[in-house]
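This text walks through part of a structure, beginning with a strand and its partners and ending with a pair of helices.

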Amino acid sequence: MNEINPHFGEHAELRRSIRELCARFPGEYWQKLEEKSSYPDEFVRALTEAGWLAALIPEEYGGSGLGLTEASVILEEINRSGANSGACHAQMYIMGTLLRHGSAEQKRAYLPKIASGELRLQSFAVTEPTTGTDTTNTKTFAERKGDRYIVNGQKVWISRMQHTDLMLLLARTTPMNEVARRTEGLSVFLVDLRARNGGQMRVRPIRNMVNHETNEVFFDNFEIPAQNLIGEEGKGLRYILDGMNAERILIAAECIGDGYWFIDRARKYASERIVFNRPIAQNQGVQFPIARAYANVLAADLVRYEAAAQFDNSKPCGAAANVAKLLAADASWEAANVCLQTHGGFGFAAEYDVERKFRETRLYQVAPISTNMILSYLAEHVLEMPRSF
Ligand SMILES: Cc1cc2nc3c(=O)[nH]c(=O)nc-3n(C[C@H](O)[C@H](O)[C@H](O)COP(=O)(O)OP(=O)(O)OC[C@H]3O[C@@H](n4cnc5c(N)ncnc54)[C@H](O)[C@@H]3O)c2cc1C
């Protein structure tokens, strides 16, 4: 059957390379990992060695200096192949905080090693159990004492901590009642998880709906050298927000990849599965939901390319990035549902990968940003309706 992505030809070489690499990690590979709840180490190593995770790192630091459009194609094609970018995607978007706001010394020290794969920067600690989406209310506190910061607090849902060397941490450095605006007084730190700097950091894995390594983290007088502060103290939230458009666009592309995977699987299965002496695809009751889901993936994909082009041309892209993420997450979820329904009972069998991908793509309605927060952004910042929180 033909390729169903009309944009395939636009980055054909790149897409083919990613598909070739992913073909070495077929469904059985991911199924086995799920059985043992283990991390796709070999897969992430292969992507790193091929240089794909360093796509956004400038050439002067050993990366390939590609644009966000190309980076988004890489993640799209990983998911399009049936694999899961969630094991490693954060390296692409959190690296931007270090690149844009880190000191020349920090960039020289870390970026070439991240680009070569010697170090992994895969974790990003923002969410807290009692704060949730209300990030300005962050309670984890980092107090400056001489040449160190002493951190106390708790984070939750911190992904890939056991498979990374470096982690970005958002913590309050000035109490909320001493800042003029809630958005001030938060700082970002580059935490080297290999270093033993005193105090304690306990990590407790969270079993969850997908095979995703994510954790609760408890800081107890945990020490970070002051030189690991990124940018200026108190400006951390702005640095984090700066990276969010890239994150939205990259996640949208993953959803698009999932969407095409689901549609492709559904149309093939429906064409082969014979019930009542004919392929189930011959019934319009089966065809139409697949065709509708496909139309929605195509539409979301157009907004994703528009958002990525705006980002690459340094134009304001907040609205397009948010719309792309919203539409793509909805389209992939619709496609997931249709694909599962098309497979009937077999959709529930692990060996078909449909139920795994179904669970994986569902996450994007909630993380890294929940749908309501995107709608709220559009309502307030684009449509200029009153602020609700
Ligand atoms: C598998 C997984 C991996 C994750 N990885 C990371 C990670 O690596 N690093 C990290 O920092 N975080 C991570 N997260 C956390 C994720 O970003 C949060 O779960 C997400 O932002 C939502 O926050 P919350 O769970 O606290 O929901 P809450 O803030 O408690 O919200 C619950 C629900 O209420 C809605 N809601 C809340 N307030 C409003 C409002 N005012 N108006 C309308 N709706 C509202 C939300 O949209 C949501 O649907 C991960 C989460 C998961 C599940």
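Two strands are taken as paired if DSSP finds at least two bridges between them. The model is a predicted one, and in it strand β1 (residues 121–125) is joined to strand β4 by 4 bridges, the two running parallel. One position in this pairing is Phe-124, whose bridge partner in β4 is Leu-168.

Strand β4 also pairs with strand β5 (residues 186–192), this time in an antiparallel arrangement with 7 bridges. Here Leu-169 of β4 has Phe-189 of β5 as its bridge partner.

The surroundings of β4 can be described next. A residue counts as buried if 20 or more other C-beta atoms lie within 10 Å of its own. By that criterion 7 of the 7 residues of β4 (residues 166–172) are buried, so the strand is largely enclosed by the rest of the structure. In a regular strand, side chains alternate between the two faces of the sheet. In β4, Leu-166, Leu-168, Leu-170 and Arg-172 point one way, while Met-167, Leu-169 and Ala-171 point the other way, and all are buried.

The helices provide a separate example of packing. Helix α1 (residues 12–23) and helix α4 (residues 68–80) have axes that come within 9 Å and cross at roughly 35°. This crossing is right-handed. On the α1 side the contact is made by Leu-14, Arg-15, Ile-18, Arg-19 and Cys-22, and on the α4 side by Glu-70, Val-73, Ile-74, Glu-77 and Ile-78. Sorted by character, the residues of this contact comprise 6 nonpolar, no polar and 4 charged.

Notes
Residues are numbered from 1 along each chain as its sequence is written. This is a predicted model: local features need pLDDT of at least 70, side-chain atom pairs count only at pLDDT 80 or more; totals for chains, interfaces and linings use all residues. A residue is buried if 20 or more other C-beta atoms lie within 10 Å of its own, exposed if 12 or fewer, and partly exposed in between; C-beta atoms are placed from the backbone. Axes are lines fitted to C-alpha atoms, for helices over the stretch in contact, and angles run from 0 to 180 degrees between N-to-C directions. A crossing is left-handed if the near helix is turned anticlockwise from the far one by less than a right angle, and right-handed if clockwise. Two residues are in contact if their C-beta atoms, placed from the backbone, lie within 7 Å. Ala, Val, Leu, Ile, Met, Phe, Trp, Tyr, Cys and Pro count as nonpolar, Asp, Glu, Lys and Arg as charged, and the others, Gly among them, as polar.
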